[in-house]
Amino acid sequence: MRLGVLDVGSNTVHLLVVDAHPGACPLPAHSHKAELRLAQLLDDSGAIDSGGVDRLIAVVHKALQAAEDKGVEELLPFATSAVREADNADDVLARVREETGVELQVLSGAEEARLTFLAARRWFGWSAGKLLVIDIGGGSLEIAYGLDEEPDAVASLPLGAGRLTAGWLPGDPPEADDVRALRRHVRTEIARTVGEFSRFGTPDHVVATSKTFKQLARIAGAARSADGPYVQRELKRESLEGWVPRLAAMSAAERTELPGVSEARAHQLLAGALVAEGAMDLFGVERLEICPWALREGVILRRLDHMGPA
């Protein structure tokens, strides 16, 4: 069947269309994205303003049209931290439902971590052993650890690259004091969770997902996305530590000149790098592998599992 996943995230609204059936690898058929940056459309009370909701509804309408055009049989719509944490989340969900007919499922941070972990486990297989999976989104950081398809430990922290950029790095390029303050904040938050994972022992593989990690790996020398998903890509902590001060000295416009960095993500790449560096350092990770599958693929795989054998 042809499935569509509608991901209302903190940075983008992304429709991913795949051809899938139980027991087979989902094959991407179409991708439709809109940069919305919901996490930056909050008013002083922490609610998504009316203009932001209007834009979200318009984007959902366009995604629905794209899904119809591509023959999507079933749509799996969900929202993550930007909607989850908005003070008016219930009102936003009600308006989307009334004006588009789409019932967005709001995932908790723990659910995000579990579904992302499932995607990574299926991608790397059982031979990868114990996995530590790290995902940096626009609004939150998810961490999961385990040997099976259901992780033994998960954590979700408010350390998304978009959220941190808006709240901590107003300058372009940012002030050195602001960068240091954010670095301290990130490491304090991550350090509180390390003990929850360390009791399970050393992972056999450390895996990273998300656009932030992919871009950091690319500027550090990893293969281009055009080379395909099956090319092994990794990010070494030593390389990342060398890039952080360079990113801090650049403006957003200068970062767009780096390989693989999009204009839409350039402004938040430094915050993402500080989170990645902090996580790798505090968890004692020297290198990690980039996984092309993440939350959207996890949602698809869970749906296929519930369908049973073909």
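Colleague: At its relative accessibility, does glutamate 112 count as buried or exposed?
Modeller: This is a predicted model, in which local features need pLDDT of at least 70 and side-chain atom pairs count only at pLDDT 80 or more, while totals for chains, interfaces and linings use all residues. Residues are numbered from 1 along each chain as its sequence is written, and side-chain values use heavy atoms, without hydrogens and water. Buried means under 20% relative accessible area, exposed over 50% and partly exposed in between, with a 1.4 Å probe and protein chains only. Because glutamate 112 has 6% relative accessibility, this residue counts as buried.

Colleague: Which helix holds glutamate 112, and which residues does this glutamate touch beyond four places away in sequence?
Modeller: Glutamate 112 lies in helix H4, residues 109-124, a helix being a DSSP run of H or I with at least four residues, numbered from the N terminus. With contact taken as heavy atoms within 4.5 Å, and leaving out residues up to four places away, glutamate 112 touches Thr80, Ser81, Arg84, Leu107, Ser140, Glu142 and Leu295.

Colleague: Which helix gives the largest share of the largest nonpolar core?
Modeller: A nonpolar core joins buried Ala, Val, Leu, Ile, Met, Phe, Trp, Tyr and Cys residues through side-chain atoms within 4.5 Å. The largest has 49 residues, and among those touching the most other members are Leu132, Phe213 and Leu288. Its largest share, nine residues, comes from residues 269-282, helix H11.

Colleague: How many residues are in the second, separate core?
Modeller: The second core is separate and includes Leu15, Ile57, Ala66 and Val92. Its size in residues is 28.

Key: Helices (H or I, at least four residues) and strands (E, at least two) are DSSP runs, numbered from the N terminus.
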